[in-house]
Amino acid sequence: MKKGRVFSGARPTGRQHLGNYLGAIKNYVALQDDYDCVYCIVDLHALTTMDEFEDLRQNTAEMALDWLAAGIRPAETIMFVQSHVPQVTELHTILSMFTPLGKLTDLPTFKEKVAQSPHNVNYGLVGYPVLMAADIVLYKTDVVPVGVDQASHIEFTREIVRTFNFRTKRQALIEPQMKNTEYPKVLGTDGAQKMGKSLNNHIELAATPAETQAKVMTMVTDPQRQRRTDPGRPEVCNVFSLHKTFSPNDVAMIDSQCRSAGIGCVDCKKLLAKNINAHLEPFRAKRAEIASDHQQVWNVLRDGAKRATAIAERTLAEVKDAVGLP
Ligand code: SF4
């Protein structure tokens, strides 16, 4: 017996990296054991900040491929593309009538986006949180996994639901609960900023073992360790942070050997690369198998959209009835 329905959406960012894997995908996979999961690739959201569009379809397929290879089980989990279920845009329009404009323009995330892209402050950007609310409530979501930085958006969704249900005097929409799934921030190879493609400090899951090793060897370590004979401080070293995840059997040895200068950073990184590659071997094998028939990914996404549409149609019918649309 599952505990309820989980919904989560992610922008189509193409091939996923270790930061995506540790911060979200592993959790997506684990949640399947306890919840009915609905995982959506939110391509409409992506349009709000895009200047060029030619990579969107390919990025959608690559991300779906990584999710499947990592262990999303499409026979039980609904995995689909946001724009394949157009009911979400209709619900977005209806919910927008229940959302004060001032609230949207006051949101810190809106202000951040405006500061990042002052040349492209579009209408979709303002309504972004309403579309996100529509994504969540359309699928009768009970639980949304969140990190600290998304909590305000879910609270915003809960407010819209309360307003809608109060004003329509119905309980057509479910107020979603938040499930905190915070994972320590995964830093990039620069050891300073969050791992991300735009900073080119990422390590792709689908990279070859040689590519992975090359990236790991560029990682910044303890800046105070200038010579091989200097003792190191694992607690400030990002290589050590990743060892904690990928080298559970070696982590105590590395900790003491680093502090006593018994191991050098080059050997320490080689060991990390070896352990990351060993960890990702089953992922990469499965990815290659699925990628050999590229249509397979789109079939999964189309099937997911069909199942998502069945839920969406029911919710939308209740919403339209609640607001008196004929
Ligand atoms: Fe970091 Fe390893 Fe070098 Fe220590 S030995 S500073 S943990 S890379």
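Here is a short briefing on the ligand site, the aromatic pairs and two backbone details of this structure. Please keep in mind that the model is predicted. The ligand occupies the largest cavity, and the count of aromatic pairs comes to six. Two lysines, K140 and K169, are worth a look for their positive phi values.

**Around the ligand**

- The shell around the ligand is made up of T221, D222, R225, C237, V239, F240, C258, C265 and C268.
- Sorted by character, these shell residues comprise six nonpolar, one polar and two charged.
- Two helices, α11 (238-246) and α13 (265-291), each contribute at least two residues to the shell.
- If you are browsing the cavities, the space taken by the ligand is the largest one.

**Aromatic pairs**

- A pair of aromatic rings is described by the distance of the centres and the angle of the planes.
- The structure has six aromatic pairs. One of them joins Y39 and W67 in an edge-to-face arrangement, with 6.4 Å from centre to centre and 75° between the planes.
- This pair links distant parts of the chain, as Y39 belongs to strand β2 (residues 36-41) and W67 to helix α3 (residues 56-70), 28 residues apart.
- Both partners fall under the 20% cut-off for buried residues: Y39 counts as buried because its relative accessibility is 0%, and W67 is buried with a relative accessible area of 1%.
- F98 and F164 make a tilted pair, with centres 4.8 Å apart and 55° between the planes.
- F98 sits in the loop between α4 (87-96) and α5 (101-106) and F164 in helix α9 (residues 151-168), so their pairing ties together parts that are 66 residues apart in sequence.
- F98 has a relative accessibility of 11% and therefore counts as buried; F164, at 0%, also counts as buried.
- F7, F80 and Y139 come together as one aromatic cluster.

**A charge over a ring**

- K113 is placed over the face of Y128, at 4.8 Å from the ring centre.

**Positive phi values**

- K140 is not a glycine, yet its phi is positive at about 50°. You will find K140 in the loop between α8 (128-138) and β4 (143-146).
- K169 is another residue other than glycine with a positive phi, here near 55°. K169 lies in the loop between α9 and β5 (177-180).
- With a relative accessibility of 73%, K169 counts as exposed, because exposed means over 50%.

Note on methods
Residues numbered from 1 in each chain as written. Predicted model: local features only at pLDDT ≥ 70, side-chain atom pairs only at ≥ 80, totals over all residues. Heavy atoms only, no water. Near = heavy atom within 4 Å. 1 Å grid on protein atoms, 1.4 Å probe; cavity = no way out; pocket = protein on both sides within 12 Å on 5 of 7 lines; lining within 4 Å. Sits in = over half its atoms within 2 Å of the grid points. Helix = DSSP H or I, 4+ residues; strand = E, 2+ residues; numbered from the N terminus. Nonpolar A, V, L, I, M, F, W, Y, C, P; charged D, E, K, R; others polar. Phe/Tyr/Trp six-rings, centres within 6.5 Å; stacked < 30°, edge-to-face > 60°. Buried < 20%, exposed > 50% of the residue type's maximum accessible area, 1.4 Å probe, protein only. Lys NZ or Arg CZ within 6 Å of the ring centre and 35° of its normal.
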